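Student: Got a minute to go through this fold with me? I'd like to start with the sheet and then ask about helices.

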Amino acid sequence: ADGEHSWDNRRDHLSRILLRYSPHIVGTQEGREPQLRDLDSLLPQLTLIDSHRDWLSERMYPTLYIDLSKLDVINSGDIWLSETPKVAGSKSFQSSFPRLSTWAHLKFIEDNFEFIVTNTHLDHESETTRCEQIKVLINEIRKERADVLPIVFMGDFNSSPIDRVRKHLVDELSLIDPWISLKKKEQTSYHFFKGDIDNGSRIDWILHDSNFKALEAEFNEETSNDLYPSDHFPLYTKLSLNSAQS
């Protein structure tokens, strides 16, 4: 119901942008099942990872798409960011909507390197709520890192990099923000299909631990017929295995 910005007018532009990067992993937020399956059909190199999920038609999901020619999926799951994280559709902490994270335990086919990737979407109204949600996610994702696997954390955090959510992630999981390590200029990532908004901030992040090194990070700001592919700028990050860890 977004008028000229409805999905039908953006889908081809978004898929062209994503495919140009030849990504190993794509994370999306705030999609319903039919839309996410449609995007899957537009990304032939990638596969929607949902075998763990019983879809709820009224919910919007963060979702992972993986290049299965490069990566094996060992396991995957959803974590609902509530006091009952295994109960689908559950919410706590005065969250406006049920929020969740999806994760996958991946292995590179070429060298058997294993790691965890998680993709999340936090509450859009309250920093206190977001902090409680991220505590749940940190606790649950630790359970999946049985051998303290390397980790990549991505999502729409609805929080500025200087706020408390990122501090929890840095303090608890020792995560690194490539935007900062690469000395990128701060900018707005959510723009309401306008390209810019007043008093905006960078609320979309791809973070990693010290097993990785960031080589590139950028927001794609391209339009097609004056339309943006999303109301957030797509975020691209290129990571390599840190030589000190190899």
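Tutor: Sure, we'll take the sheet, then the helices packed on it, then one more helix.

Tutor: This is a predicted model, where local features need pLDDT of at least 70, side-chain atom pairs count only at pLDDT 80 or more, and totals for chains, interfaces and linings use all residues. Residues are numbered from 1 along each chain as its sequence is written, and side-chain values use heavy atoms, with hydrogens and water left out.

Student: OK, what order do the five strands of the open sheet come in?

Tutor: The order is β4-β5-β6-β7-β8, with mixed pairing. Strands here are DSSP runs of E, at least two residues, helices are runs of H or I, at least four, and both are numbered from the N terminus. Two strands pair if DSSP finds at least two bridges between them.

Student: And which are the edge strands?

Tutor: β4 (71–80) and β8 (204–208), each pairing on one side only.

Student: How many bridges join β4 and β5?

Tutor: Nine, in the antiparallel sense, with β5 covering residues 100–108. The bridge partner of I79 in β5 is S101.

Student: Switching to helices: which strands does α3 lie across?

Tutor: Helix α3 (residues 127–144) lies across β4, β5, β6 (114–121) and β7 (151–156). Contact means heavy atoms within 4.5 Å.

Student: Which residues of α2 are buried?

Tutor: In α2 (residues 33–42), L36, D38, L39 and L42 are buried, meaning under 20% relative accessible area; exposed is over 50% and partly exposed is in between (1.4 Å probe, protein chains only).

Student: What do they pack against?

Tutor: α1 (7–20), β1 (25–31), β2 (47–48) and β3 (61–66).

Student: Which exposed residues sit on the face turned away?

Tutor: P34 and S41.

Notes: Axes fitted to C-alpha atoms, helices over the stretch in contact; angles between N-to-C directions.
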